[in-house]
Each structure stands twice: as C-alpha cells, then as structure tokens.
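Trainee: Hi, could you walk me through this model? I'd like to start with the ligand and then look at the backbone.

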Amino acid sequence: MKLEGKVALVTGGSRGIGFATCKKLASEGAVIIITDICDEEKAAPAIKELQDMGATAKFYRSDVSDMASVTETVEAIIQEFGGIDILVNNAGITRDMLVLKMEDSDFSSVIDINLKGTYNMIKATYKQFMKRRSGRIISLASVVGLTGNAGQANYSASKAGIIGLTKSVAKELGARGVTVNAVAPGYIATEMTEVLSDKVKKSIDATIPMKRRGTPEDVANVICFLASDDASYVTGEVIRIDGGLAM
Ligand code: NAP
C-alpha cells in the first residue's frame, strides 16, 4: 500500500469528491481525518464506512472559513495523531448568478470558504509541514478557474485564486520537501452539480470530448497519485480532470 501510516486530512470530506478521496486514500493505508462544517451525526456514516474498510478514521467539526476553528482543529489533530502528512483542501461551495444580479454576500461567502478557507488550512499546517520537511498539499481548483464561466464569477475567481495560492506556496515550501499541487475537475457528478436540470446536464455532456461527466472516483484517483511517492517530483502543478473539456 502506497500511503501506509500516513495521516491524511480532507476538508469537507463527508460526502462527494471529498469522501471518495477519503476512501481512496484509506484503501492505500492512510489514516483519515475528516473535517467538515456539518455535525458529527451527519458525518457518522462516512466515518463508519471508512472504519468498516479497516481504516483509522476520525471526524472533527470545523468551518474552513473560520481561522480560529481551523487553528484549534489542526492543533487537536497534531496532538492526537502526531502530525499531518497529506492535506486535501476540498471544502467548497457555489452561489451561482450573473454579476448583474449577484448578491455581494454571495461573492464574499464563496471567496471566504473556497479561497480563504484553503489559505486558512495551509496557514494552520504550514509550520508543521516545514518542521517535518515532507508532506503533500493538494487543493481542489476547477476548470472554471482556468477558463472562467458565465454565472460563476465568484466561484471562478475563488478557484483561480487557489491556483495562484498553490503555485506560490509550492515555491515557498519546495526546499522543505513539501509538494503543493491543485486538481482542476470539470463537471463531476456530485450533489454540487445534481442541482442542474437534466436538460443542462445533457448539454454539458455534449460539450465534453469524452461525452460524460466525471465521477468523484476519477478525481480521487488523481489526488491519491499526487499524495503518493510516485508524485514526489511534481509540485506547483494544476492537473485538469475534465474528460478534455478545457483543452
Ligand atoms: P459537495 O458535494 O457540495 O461537498 C462539499 C463538502 O464541503 C461538503 O461536505 C460540505 O459540507 C463541505 N463544506 C462546505 N462548506 C464548508 C465549510 N465552510 N467548512 C468545511 N466544510 C465545508 O461538493 P463536491 O462536488 O464534492 O466538490 C468538492 C470540491 O471539488 C469543491 O471544492 C468543489 O468546488 C470542487 N469541484 C467540484 C466540481 C464538481 O463538478 N462537483 C468541479 C470542480 C471542482 P456540508 O455537507 O455540511 O454542506
């Protein structure tokens, strides 16, 4: 197993791409820490499924956009598990609307959770990664952070920001043996995209060279590669997982 004994923290890990990532990392032997804004009861089935796989798994309730909550949670995890080897910044939201009609609060909340949340997690774990002189930071960007998308100015800006953040921190931590990368999924079938109408889903599928939306597992597999020793000389990279959509 490629990640035996490694401690992996996945934000927003109780469902969707985050949970698929937890299962993939667990299948390679990692200890899984899920942080999520939901309460413990809602995350319990995810933790149980991981434990049933034979993994060590624990849930911490934490809001990525709240620095105090993030700092307290990261300190508790380091205390209990001795450190964090793999950080997956997965938590994210959408509040789609044309700029003309967008509520300012919807612009701010998407930036606060997606971009500032990723920064908060990196900031809170930065020192321990430096001290350990090894580690993996993998953040969820999106193809719309590369291409833009009408109706998603807030979301696209947050994901483009994650790409800049990733490349900057990769330069800061490279000499310490810590790799920092992002993945840019296209349309992935999760609750986030389930809200789209069947008509919109069909028209999206038609624009994808591979003619289908991705699965959470398609994304989890690439994250697992980046978390493993196989990717030890890959840093500052953004890997599209989009069936060719943004090429
Ligand atoms: P999802 O199904 O909506 O899951 C998002 C998770 O993040 C949920 O567990 C949610 O918790 C959690 N979360 C939301 N706000 C949070 C906060 N403030 N603090 C901590 N956790 C929080 O989303 P997904 O489709 O799996 O997407 C995962 C990531 O991939 C996101 O960053 C998304 O932008 C990115 N992505 C997705 C797609 C796609 O097509 N699905 C494409 C490109 C990129 P609750 O369950 O409590 O709400």
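Mentor: Happy to; we'll take the ligand site, then a strand pair, then some backbone angles. This is a predicted model, where local features need pLDDT of at least 70, side-chain atom pairs count only at pLDDT 80 or more, and totals for chains, interfaces and linings use all residues. Residues are numbered from 1 along each chain as its sequence is written, and side-chain values use heavy atoms, with hydrogens and water left out.

Trainee: Cool. How many residues surround the ligand?

Mentor: 29 residues do, and the closest are Arg 15, Asp 36, Asn 90, Tyr 155 and Thr 190. A residue counts as near if one of its heavy atoms lies within 4 Å of the molecule.

Trainee: And which polar side-chain atom lies 2.6 Å from an oxygen atom of the ligand?

Mentor: That one belongs to Arg 15. Asp 63 has a polar side-chain atom 2.8 Å from a ligand nitrogen, and a backbone N or O atom of Val 64 lies 3.1 Å from a nitrogen atom of the ligand. A polar contact here is a pair of N or O atoms within 3.5 Å.

Trainee: What share of the ligand does the protein bury?

Mentor: The protein buries 93% of the 910 Å² that the ligand exposes when taken alone. Those areas come from the Shrake-Rupley method with a 1.4 Å probe.

Trainee: Which elements give two or more residues to the shell?

Mentor: Helix 1 (16-27), helix 6 (153-173) and helix 7 (191-194). Helices (H or I, at least four residues) and strands (E, at least two) are DSSP runs, numbered from the N terminus.

Trainee: New topic: in which sense do strands 2 and 3 pair?

Mentor: Strand 2 (residues 31-36) and strand 3 (residues 57-61) pair in the parallel sense over five bridges; pairing takes at least two DSSP bridges. Ile 33 has Lys 58 in strand 3 as its bridge partner.

Trainee: Last one: where is Arg 133 found?

Mentor: In the loop between helix 4 (104-132) and strand 5 (135-140). Arg 133 has a positive phi of about 55 degrees, though it is not a glycine. Most residues other than glycine have a negative phi.

Notes. Polar contact = N/O pair within 3.5 Å; in protein donor to acceptor, adjacent residues only side chain to side chain.
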